[in-house]
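Me: Please choose one part of this structure and look at it closely, then work outward from there. I am new to this, so please explain each term when you first use it.

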Amino acid sequence: MQLEDLRVVLKVAEFRSITAAATHLDMQMATASAAVKRIEAALGVELFVRTTRHLRLSSAGERYLPQCIAAMSMLDQAKQTIHNDLDIISGEIRLAVSSDLGRNIAIPWVDDFMEQYPQVTLRAHVSDSNIDFYRDALDIALRYGAPSDSNLYGFKICNVPRLLVASPSYLELHGTPEHPKDLLNHQGLFYQLQNILNDTWHFSCKESGEKPGAERSYKIKPKAYCAANDGDLVRRWCVAGKGVAIKSSLDIANDLLAGHVVSLMPDYKIPQVELWLISPSRQSITPTVRLLRDMFRERTKALLTQLVDKGLLGKSVLED
């Protein structure tokens, strides 16, 4: 009996589908089906009851598979313990990252990491859509915002201010906004997720006449000139002079440093976010993941420091 066959069987039991299990494991359905048949032949019993539309555990499967899950968990834990003790940096990284941050920042950094550790391989999931660690077969995700699920584990990487930006060519044609209300006369570039258009921008500022420590808030809804479910496309539109956008300072950092876009209305604060490295379980936090975490912290700090040195961000962003 092969352990890999047993892993396939456990995945079929989890999804209640050979097709879904094969897709999750990135193999042909016939290969997954053959693995199930080999395990059943070795045991001399059928683990699943199959119909034309459904698949469910047989009584034998209900008794056998929970013990297999426990045994496989112990084997995986033992393997990780050995790797932890020896500080082995190897294996596949299954990483999810948003489109803009992934394509332009994070994946090039991971490429450098893999050159340093040639036994590491990568499977990248680059998307702005919501992820499911189990459905999408992921180990870690680099995402803006702390994990909202108490079952997830996370490491904060850095603070990430968000900036209102536009290209010099756009500002030359349309003028430079100096107050949030001015944005009502500008072309907004927006991010859209699952048909929800994020077209409302929030600003705050200490203005003359306000009480000490008090700030005035603004809620602005500019005209939606272009919108996309891909943050990198929104960034490209902005660089091309199509309008104004609110972007993460990390996502837009290289364009800011190169002068492709400029930061607008610096006196008006936009709620900042945090970058986190998230994992579905402690078992996923391997020596490789910890090194990646440290690398992400080092690289983001260096990039944010460049923005601080250019006067594009305040020094407080570098505080923990």
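Reply: A good place to begin is Ala-96, which counts as buried because its relative accessible area is 0% (buried means under 20% relative accessible area, exposed over 50%, and partly exposed in between, with a 1.4 Å probe and protein chains only). Before going further, please keep in mind that this is a predicted model, in which local features need pLDDT of at least 70 and side-chain atom pairs count only at pLDDT 80 or more, while totals for chains, interfaces and linings use all residues. Residues are numbered from 1 along each chain as its sequence is written, and side-chain values use heavy atoms, with hydrogens and water left out.

Ala-96 belongs to strand β3, which covers residues 91-97 (helices, H or I with at least four residues, and strands, E with at least two, are DSSP runs numbered from the N terminus). If residues up to four places away in sequence are not counted, Ala-96 touches His-125, Ile-131, Leu-138, Ile-140, Ala-141, Leu-142 and Arg-143, where contact means heavy atoms within 4.5 Å. One of these partners, Ile-140, is 44 residues from Ala-96 along the chain, and yet the C-alpha atoms of the two are separated by 6.4 Å.

Another of these partners, Leu-142, leads to the largest nonpolar core, which has 45 residues; Leu-142 is among those touching the most other members, together with Leu-101, Leu-250, Leu-275, Leu-292 and Phe-296. Such a core is a set of buried Ala, Val, Leu, Ile, Met, Phe, Trp, Tyr and Cys residues joined through side-chain atoms within 4.5 Å. Helix α9 (residues 287-309) supplies the largest share of this core, namely eight residues. As background, nonpolar side chains tend to be buried together in soluble globular proteins.

Leu-292, taken without its neighbours within four places in sequence, is in contact with Ile-93, Val-110, Phe-113 and Ile-140, so Ile-140 appears again, as a partner of Ala-96 too. Apart from this core lies another one, of 20 residues, including Ala-32, Ile-39, Phe-48 and Leu-55.

From Leu-292 we can step to Phe-113 and to the aromatic pairs, of which a search of the whole structure finds three. Phe-113 and Tyr-117 form one that is tilted, with 4.9 Å from centre to centre and 45 degrees between the planes (rings of Phe, Tyr and Trp, the last by its six-membered ring, pair if their centres lie within 6.5 Å; planes under 30 degrees apart count as stacked, over 60 as edge-to-face and the rest as tilted). Phe-113 is buried, at 4% relative accessibility, whereas Tyr-117 is partly exposed, with a relative accessible area of 21%. A further pair joins Phe-190 and Trp-201, whose ring centres are 5.2 Å apart and whose planes meet at 55 degrees, so this pair is tilted as well. Phe-190 sits in strand β8 (residues 187-193) and Trp-201 in strand β10 (residues 201-205), eleven residues apart, and both are buried.

A ring can also have a charge over its face: Arg-293 lies over that of Phe-155, at 4.8 Å from the ring centre (the rule asks that NZ of Lys or CZ of Arg be within 6 Å of the ring centre and within 35 degrees of the ring normal).
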